[in-house]
Amino acid sequence: VILERIIDTMIASYFCVDEIKRNELLKLILCTERITFENKRQVLKWIFETYDKLIIETHPTLFKDLQNIGEYRNVIAHNHLDTSQFITDNIARKTKVNKYKNKKIEFEITDEVMKEKTELITKCHHILQNWEGQIYLPI
């Protein structure tokens, strides 16, 4: 959620110089379900490609990483978590998520996968939080 709020703020800052209007954009559009994380990722990518290509050159996997985070979040949020006795007894090692699209697809969530995703989120958070290219935005 924090990573998404950073992206929201960056987009709002790009489109609105006025603080009141920026806060309205955040409240009424960006920080709601009206626009998806993926759409926000695409808008931010366009802003960087247009006004600060250096961040993309410096961090070439940033937008692929953000896409990966969004897709993983969607798997966890929108699919059935297996809470069978075996899984709950072994939750520290492995959890299953069942995804249904014409057939059952199982995703295993291990401690290693969670560590990898946490590191990816932390990396993206750090890049965006410490971005010094805001001076290039036309605001």
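A residue is called buried when its relative accessible area is under 20%, exposed when it is over 50%, and partly exposed in between. The structure above is a predicted model, and these classes are used for its residues throughout. Trp 46, for example, has a relative accessibility of 42%, so Trp 46 counts as partly exposed.

The overall plan comes first. The protein contains seven helices and three strands. Their order along the sequence is α-α-α-α-α-β-α-β-β-α. Of its 139 residues, 34% count as buried. The exposed surface comes to about 9400 Å², and carbon and sulfur atoms supply 55% of that area. Among contacts between residues at least 6 apart in sequence, 53% join residues at least 24 apart.

The interior is the next stop. In soluble globular proteins, nonpolar side chains tend to be buried together. Here the largest nonpolar core has 26 residues, and Phe 48, Leu 62, Leu 66 and Leu 128 are those with the most contacts inside it. Two or more residues of this core come from each of helix H1 (2–15), helix H2 (19–30), helix H3 (37–51), helix H5 (62–78) and helix H7 (111–129). H1 gives the largest share, seven residues.

Two of the core residues show how these parts of the chain meet. Leu 128 lies in helix H7, and its relative accessibility of 2% makes it buried. Leaving aside residues up to four places away in sequence, Leu 128 touches Leu 3, Ile 6, Ile 7, Met 10, Leu 44, Phe 48, Leu 62 and Leu 66. The link to Met 10 spans 118 residues along the chain, yet the two C-alpha atoms are separated by 8.8 Å. Phe 48 also touches Met 10, and with the same exclusion of sequence neighbours its other contacts are Lys 53, Ile 55, Ile 56, Leu 62, Phe 63, Leu 128 and Trp 131. Phe 48 and Leu 128 therefore touch each other, as contact means heavy atoms within 4.5 Å and each appears among the contacts of the other.

Helix H2 has a buried side and an exposed one. Arg 22, Leu 25, Leu 26 and Leu 30 are its buried residues. These residues cover an arc of only 95° around the axis, and so they sit on the same side of H2. The general background is that an α-helix has 3.6 residues a turn, so residues three or four places apart point the same way. The buried residues of H2 pack against H1 and H3. On the face turned away from this buried side are the exposed residues Ile 20 and Lys 27. At the N-terminal end of H2, Asp 18 acts as a cap, with a side-chain oxygen 3.1 Å from the backbone nitrogen of Ile 20.

Which residues does Asp 8 touch, not counting those up to four places away in sequence? They are Leu 26, Leu 30, Cys 31 and Lys 40. Asp 8 lies in helix H1 and is buried, with a relative accessible area of 0%. Its side chain is joined to that of Arg 5 by a polar contact of 2.3 Å.

Ser 13 is another residue of helix H1. At 18% relative accessibility Ser 13 counts as buried, because the limit for that class is under 20%. The side chain of Ser 13 reaches the backbone oxygen of Thr 9 at 2.8 Å. Ser 13 and Leu 26 are 13 residues apart in sequence, and their C-alpha atoms are 9.6 Å apart in space.

The last topic is the aromatic rings. A pair of aromatic rings is described by the distance of the centres and the angle of the planes. The model has six aromatic pairs. In one of them, the rings of Tyr 14 and Phe 15 have centres 4.6 Å apart and planes at 85°, so this pair is edge-to-face. Tyr 14 counts as buried, at 12% relative accessibility. The rings of Trp 46 and Tyr 51 are also edge-to-face, because their planes stand at 80°, with centres 6.3 Å apart. Tyr 51 counts as partly exposed at 30% relative accessibility, and Trp 46 counts as partly exposed at 42%. Ring pairs link Tyr 14, Phe 15, Trp 46 and Tyr 51 into a cluster.

Note on methods
Residues are numbered from 1 along each chain as its sequence is written. This is a predicted model: local features need pLDDT of at least 70, side-chain atom pairs count only at pLDDT 80 or more; totals for chains, interfaces and linings use all residues. Side-chain values use heavy atoms; hydrogens and water are left out. A nonpolar core is a set of buried Ala, Val, Leu, Ile, Met, Phe, Trp, Tyr and Cys residues joined through side-chain atoms within 4.5 Å. Buried means under 20% relative accessible area, exposed over 50%, partly exposed in between (1.4 Å probe, protein chains only). Helices (H or I, at least four residues) and strands (E, at least two) are DSSP runs, numbered from the N terminus. The arc is that of the directions from the helix axis to the C-beta atoms. A polar contact is a pair of N or O atoms within 3.5 Å; within protein, one must be able to donate a hydrogen and the other to accept it, and residues adjacent in sequence count only if both atoms are side-chain atoms. Accessible areas come from the Shrake-Rupley method with a 1.4 Å probe; for residues, only the protein chains shown count as cover. Rings of Phe, Tyr and Trp (its six-membered ring) pair if their centres lie within 6.5 Å; planes under 30 degrees apart count as stacked, over 60 as edge-to-face and the rest as tilted.
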